[in-house]
Amino acid sequence: MLCSRTHGPLPASTRSKMLMQISSANSQTLLSVENICKQFGDRKVLDHITLRVDEGQILTLIGPNGAGKTTLVRIALGLVEPDSGIVTQRPALRVGYMPQKVHVESTLPITVDRFMRLADNSDKKLIDSTLSMLNIAPLRQKQLVAISGGELQRVLLARALLRKPQLLVLDEPAQGVDLAGQAELYQLISRISKQSRCGVLMISHDLHLVMSSTDEVVCLNHHVCCHGKPEQVSNDPAYLDLFGDATAKALAVYTHDHNHEHDLTGNIKPVQHE
Amino acid sequence: MNNSILQLLITDFVIYALLAGLSLALVSGPLGSFIVWRRMSYFGDTLAHSSLLGIALGIITDINPQLSVILSCLAFAAILTLLDRKPSIATDTLLGILAHSTLALGIILLALTGSVRLNLEAYLFGALLTVDRTDLFWILAVTVFACAVLYGVWNRMLSATVHTELATIEGVNVERLNLLLVLVIALTIAVSMKIVGVLLITSLLIIPPAAARRFAHTPEQMAILASVIGALSVLAGLLGAFALDTPPGPSIVVVATTLFLVSFFLPERHRS
């Protein structure tokens, strides 16, 4: 009914109290969490987690289901209060957030266009260019309930980008997007980060796909198992242990081998020779 | 026959009834839409049922009846909001228990006071034709307040309804908006009790938006269309009540439900 679930967001007053503001620390730092612990009932979800996202840096959280990735992100955003630990955000940080699950209420008639205009920055030109950049301009007058899961992901990314964020927080941005589209989406995120120097904190299941577009990988399973550059992590014993040696290797050497490519809308792209 | 209806139409109590009904229809568009979108209809129902207890308490303590209903609606809204924050049992179970226990308690207390025993039906199903100048004043005041509040926070309220967390991240104070919505619902229910009664109030809030859903492409269209459907229900329901000598409150609800059913047989609006 109201925002009352255990995961419900905190009132703004609590949020602002929780989020200490970075003043003197590294001027490049957008967001940092230190020694975060969180328990639901007697289940320990996060155990002394520390990480930091800098300007223009892409940090990817990987880990099995139930590892605490989404909880960590929600704590970093100030939506959930940690049991202990410190969350610090740069003052007046503009965050673009793409949540993992969006349930679109079927009784609510709303077009993609109107959904975009709900954002606090609803400049028409910006909406135009953002939708075109993500190749979803044709969806504009469609009902939100009528588009596919993969299309909805792009609409959500578009809404996050409307805020011209300094930090993009993406919870499994590629879920529901087909495999070729996934690679393209990660490339796009990487391009956006480079162009606008915005930091990216992203949850993903597929290291093999984010490898080329991430600067740092944190492998999480209630605690930080290992972290570092993607190549380091994919050879780290803790990573291999967590995902199983065979699976991890199979994933790591996976290359997408097609004789043609699709763009985000599924059209076949002209062949590019490199 | 025609003559007598015409004569009725120009009398004060019919004009008061009509204005009160149309006023509620106007609020029911936008407010009812939010209740539907947020799945709060059971919440509204519980609030309405519990307001009978408020009336009984008002009679016992001898406060102004309109004031006692408003106060009790606000108190119950606050209690429900607090209980919902720390859920120990499923929300719908909790609401079901409270809705019916407060209704039962209200009926018992009313029976004990004795004097109003004959009026029980009026509280349960409304007594639209007994709406007087003071009632109308309260209804119009709450209508203006509710419409002004919803208009003022429309975009933020919509954003919070579509996705709580996205709205929070974008700087919307979701908690405050939730409280504001509950306040508006409680006030609306409190003043519209005379129109359709505690058992039928929620239906007038949710049936018009439900009927409007299939023909709307935007939230705003749904809200406005729901107000129009609500107004039609009030007009046709009142006319029908005079012509057939049926109770006005239930007649209005039956017309609204008929319009809802008819909406399924009309072609849905498509945009190319």
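Which residue takes a positive phi in the hairpin of S9(A) and S10(A)? In this predicted model, the answer is A:His222, with a phi near 70 degrees. The hairpin has one residue between its strands, and a good way to get to know the structure is to start here and work outwards.

The two arms of the hairpin are strand S9 (residues 216–221) of chain A and strand S10 (223–228) of chain A. They pair in the antiparallel sense, and five bridges link them. One of the bridged pairs joins two cysteines: A:Cys219 has A:Cys226, in S10(A), as its bridge partner. S9(A) also pairs with strand S4 (residues 58–62) of chain A, this time in the parallel sense and over four bridges. Here A:Leu59 finds its bridge partner in A:Glu216 of S9(A).

These pairings belong to a wider arrangement. Six strands of chain A make up an open sheet of mixed pairing, and reading across it gives the order S6-S7-S8-S4-S9-S10. Why do S6 and S10 of chain A each have one side left without a neighbour in the sheet? Both strands stand at the edges with a single partner strand each, so one side of each has no neighbour there. From one strand to the next, the twist averages 15 degrees. Helix H5 (residues 149–162) of chain A packs on this sheet, where it touches S6 and strand S7 (167–171) of chain A. The direction of H5(A) makes about 170 degrees with that of S6(A).

Stepping back to the whole of chain A, the count comes to ten helices and ten strands. Of its 274 residues, 41% are buried. Contacts in chain A with a separation of 6 or more can also be sorted by how far apart the partners lie along the chain: residues 24 or more positions apart account for 69% of them.

Chain A also meets a second chain. On its side, 26 residues are in contact with 32 residues of chain B. Strand S6 (95–98) and helix H3 (112–116) of chain A each supply at least two residues of the side that touches chain B. By class, that side of chain A has 18 nonpolar residues, together with four polar and four charged ones. S6(A) therefore appears in two settings, as an edge strand of the open sheet and as a contributor to the side of chain A that touches chain B.

Note on methods
Residues numbered from 1 in each chain as written. Chains lettered and ligands numbered in written order. Predicted model: local features only at pLDDT ≥ 70, side-chain atom pairs only at ≥ 80, totals over all residues. Contact = placed C-beta atoms within 7 Å. Nonpolar A, V, L, I, M, F, W, Y, C, P; charged D, E, K, R; others polar. Pairing = 2+ DSSP bridges. Axes fitted to C-alpha atoms, helices over the stretch in contact; angles between N-to-C directions. Buried ≥ 20, exposed ≤ 12 C-beta atoms within 10 Å, placed from the backbone.
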